[in-house]
Amino acid sequence: MYKILKKRELNPTVTLMEVDASFVARKAEPGQFIILRVDEEGERIPLTVADYDREKGTVTIIFQIVGGTTQRLNHLSEGEYIQDFVGPLGEPSHVEGLKKVAVIGGGVGCAIAYPVAKKLHELGAEVHSVIGFRCKDLVILEEEFRKVSDVCKLMSDDGTAGEKGLVTDALKALIEAGNQYDEVIAIGPVVMMKFVSLLTKQYNIKTVVSMNPIMIDGTGMCGCCRLTVAGKTKFACVDGPDFDGHEVDYDEILKRASTYKEFEKREREEACNLFRKEVK
Amino acid sequence: MPNMSLKKHEMPSQAPEVRNKNFLEVALGYSAETAIEEAKRCLNCKHKPCIGGCPVRIHIPEFIAKVAEGAFEEAYQIIQKTSSLPAVCGRVCPQETQCEQKCVRGIKGEPVAIGRLERFVADWHNANSCDLPVKAEPNGRKVAVVGSGPAGLTCAGDLAKRGYDVTVFEALHLAGGVLVYGIPEFRLPKSIVQKEIDNLKALGVKVETNMVIGRVLSIDELMSEYGFEAVFIGSGAGLPRFMNIPGENLKSVYSANEFLTRVNLMKAYQENSHTPVLHAEKVAVVGGGNVAMDAARCAKRLGAKEVYIVYRRSEKELPARAEEVEHAKEEGIVFKFLTNPTAILEGENGSVAGMTCVEMELGEPDASGRRRPVEKAGSEFTLECDCVIMAIGTSPNPLIKNTTKGLETQKWGGIIADEHGLTSREGVYAGGDAVTGAATVILAMGAGKTAAEAIDAYIQSKN
């Protein structure tokens, strides 16, 4: 059992939790993830490590309330326990040796992009971050990003926060302004990562994306999280989750992600009834 | 006077048309009366060839004699000396090629039903005995076991019986390995596996779940920082193989590992499970091993109208146990022999619409001694299905190999170990599927037992 030490609502649908998990905290690196199970009946879901404190033995996770399991998780309070919490899993992001990097975060993907930006900043790289949200109410981690970025662009679909537009608009402007990046790191919805990759392909900038397919064990024993990269099948949980953005088959990923749509809808409705709370 | 009946006593079981709609255990086990009668068929012969056929060397005639007397707990204590998981072994061992194959009664008639008797004794003990096992005198030496499958559990149990302080590290949230995620409830009820693991805990074995060795701790850290004097690696062969044919990443294509993990470990067959699994109409399972049979029979129980086993060789070459094949047929699984898939066809929004297959014929024997299947020209056809399960084998997970310096492995990933389980690293032993590639539960148990003896000798010699 893993104790929830801190719980904070970052916006109406995104929650941060600091969890007592000393073994995970000792080894976790940016880009890695954990798998958790809320309770005895729970399913296993992957969540990226958003932060860690090796001294205190804590791991921070940030999750969006999108379905039954995340609602059940969000229903737990500080001092309560998560049944299972296993990690760190996956390969850490490769950030060593990079001098100038654009980090792109979309929505709750910012929670995954943030530790990468932070690590790059700590290693002395010049970090340009572009973070995008649907609207002002959904903005998360803006302060944190500003602290670790040399340039930080905040974008919103409707213009209620920062500039109006997509993250690709801001990235394009930065590139056109003459910024030469060693690498672009994009983390967010699959469609966003696809369009960032299409853009950077035109400029021939190496682009890394972080994939979030359906997972069960997260240790490479089932292949549920498989995807096609450069024509070859890879398992996101052990080979990734980071991949070359120019080589990923995004359309296949979108199709596979819809496998349990019907089931997930029922689970969401059931959890909504259980907690009498509507999820946007 | 021994019972000279030429046939084994039948074990009652659920009728095929009933059981293929539920996940309850198929075979129901002997009653006390039947067990005693069957036990009387044992001649208690001088040479006891049956013991030689058992990878963990259970004193078979000795325990059977106790069953014949109705002394079931005494029978259990005899089995328990050499086997840590009798309720499991009695169910899933291929006795026909092990103990029962060597039984003298099998020369003329059927052998004594050793597996059924072992199962009866273990179930009787688990249901009726409150005696806690006698813990061995602690010797103060620590051993780590990586993986809680049959190899790891056996090794841990044997070491605990010798007084070692044993900790088992398991990556999943439940201990048992393939016994909990792979073999379905209807062949091996999970409550029975749990009971066996509780028995081990009562012997003093500690089980740490959610620990992925290779990520959270390395073998070296276990030995240097945590004071384990030896490590046994029983991490199995859990990495699924795919065929690399077009359409394999469509959304209703599963590896058997994924499908069975969802169904067995996550209990997706239960109405209230929070883990989803597809309930398909027509399912094609590719492969002919026990895993393929398990996947097919699970798919049938989830409500599929048609379930096919697609196998590239003929019925004679099926690697699955004859009994499993028989059960699958009774439950309505359709076998497509000498058939090989070439592509999976895409339907609406990335789902499966069917599978293109070719017919095969058998050519000359290959390296494995089996006749090699050769494609029949112009035989291509489409098998209509909406879900495909790939059950064509697994290989060892590379995680431990990649994070343990100096641990030598075969080209295909198997850890290299000598006949005692010793690897290329001092104090590091390995056994089961991690060494041999996908094999059987009982071979893994045998390897765990052998390694436990070697670890004991190694640690004693260090004094």
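Is B:Phe242 buried or exposed? I looked it up, and B:Phe242 counts as buried because its relative accessibility is 15%. One caution goes at the top of the page: I am working from a predicted model.

**Entry 1: aromatic rings**

I started with the rings. My count came to twelve aromatic pairs over all chains. One of them joins A:Phe235 and B:Phe242, whose ring centres are 6.3 Å apart. Their planes stand at 90 degrees, so I noted the pair as edge-to-face. This pair crosses between chains. A:Phe235 sits in strand β15 (residues 232-235) of chain A. B:Phe242 sits in the loop between β5 (239-240) and β6 (253-255) of chain B. I then checked the cover on A:Phe235. A:Phe235 counts as buried, at 9% relative accessibility.

Next I turned to B:Phe335 and B:Phe337. They form a stacked aromatic pair, with 5.5 Å from centre to centre. I read 25 degrees between their planes. How do the two partners count for cover? B:Phe335 counts as buried at 15% relative accessibility. B:Phe337 counts as partly exposed at 22%. The cut-off matters here: buried means under 20%, so 22% falls outside it.

I also found B:Phe23, B:Phe186 and B:Tyr269 in one aromatic cluster.

**Entry 2: salt bridges**

I moved on to charges. Side chains of opposite charge can pair when their charged atoms come close. How many salt bridges does a search of the whole structure find? The search gave me 49 over all chains.

I picked A:Glu18 and A:Lys56 to look at. Their side chains meet in a salt bridge, at 3.2 Å from N to O. The pair links distant parts of the chain, 38 residues apart. A:Glu18 is in strand β2 (residues 14-20) of chain A. A:Lys56 is in the loop between β4 (45-53) and β5 (58-64) of chain A. Their cover is not alike on my page: A:Glu18 is buried, with a relative accessible area of 10%, whereas A:Lys56 counts as exposed at 55%.

My next pick was A:Glu142 with A:Arg146. Their closest N and O atoms are 2.9 Å apart in a salt bridge. Where do they sit in the chain? I found both in helix α4 (residues 142-148) of chain A. They are four residues apart, so about one helical turn separates them. A:Glu142 is partly exposed, with a relative accessible area of 24%. A:Arg146 is partly exposed too, at 36%.

Then I looked in chain B. The side chains of B:Lys40 and B:Glu37 meet in a salt bridge at 3.7 Å, N to O. B:Lys40 is partly exposed, at 33% relative accessible area. B:Glu37 is partly exposed as well, at 32%.

Chain B also gave me a network of salt bridges. It links B:Arg19, B:Arg187, B:Asp294, B:Arg297, B:Arg301, B:Glu324, B:Glu330 and B:Glu331.

**Entry 3: strand β8 of chain A**

How many residues of strand β8 (residues 100-106) of chain A are buried? I ticked off seven of seven, so the strand is mostly covered by the cut-off of under 20%. I sorted the residues by direction. A:Lys100, A:Ala102, A:Ile104 and A:Gly106 point one way. A:Val101, A:Val103 and A:Gly105 point the other way.

I looked for strand partners. Strand β9 (residues 126-133) of chain A runs parallel to β8(A), and seven bridges join them. A:Lys100 stands opposite A:Glu126 in β9(A). Strand β12 (residues 183-187) of chain A also runs parallel to β8(A), with five bridges between them. There A:Gly105 stands opposite A:Ile187.

What do β8(A), helix α3 (residues 110-122) of chain A and β9(A) make? I wrote down a right-handed β-α-β unit.

**Entry 4: a nonpolar patch**

Last, I went to the surface. A:Val191, A:Phe195, A:Leu198 and A:Leu254 form a nonpolar patch there. Together they have about 340 Å² of accessible area. Which element gives the largest share of the patch? I noted helix α6 (residues 190-203) of chain A, with three residues. A:Leu198 is found in that helix. A:Leu198 is partly exposed, with a relative accessible area of 45%.

Technical notes: Residues are numbered from 1 along each chain as its sequence is written. Chains are lettered from A and ligands numbered from 1 in the order in which they are written. This is a predicted model: local features need pLDDT of at least 70, side-chain atom pairs count only at pLDDT 80 or more; totals for chains, interfaces and linings use all residues. Side-chain values use heavy atoms; hydrogens and water are left out. Patches are made of residues with over 30% relative accessible area and no salt bridge: like charges are joined within 9 Å, nonpolar side chains (Val, Leu, Ile, Met, Phe, Trp, Tyr) within 5 Å. Accessible areas come from the Shrake-Rupley method with a 1.4 Å probe; for residues, only the protein chains shown count as cover. A salt bridge is a side-chain nitrogen of Lys or Arg within 4 Å of a carboxyl oxygen of Asp or Glu. Helices (H or I, at least four residues) and strands (E, at least two) are DSSP runs, numbered from the N terminus. Buried means under 20% relative accessible area, exposed over 50%, partly exposed in between (1.4 Å probe, protein chains only). Two strands pair if DSSP finds at least two bridges between them. A crossover is right-handed if, with the strands pointing away from the viewer, the path from the first strand over the helix to the second runs clockwise. Rings of Phe, Tyr and Trp (its six-membered ring) pair if their centres lie within 6.5 Å; planes under 30 degrees apart count as stacked, over 60 as edge-to-face and the rest as tilted.
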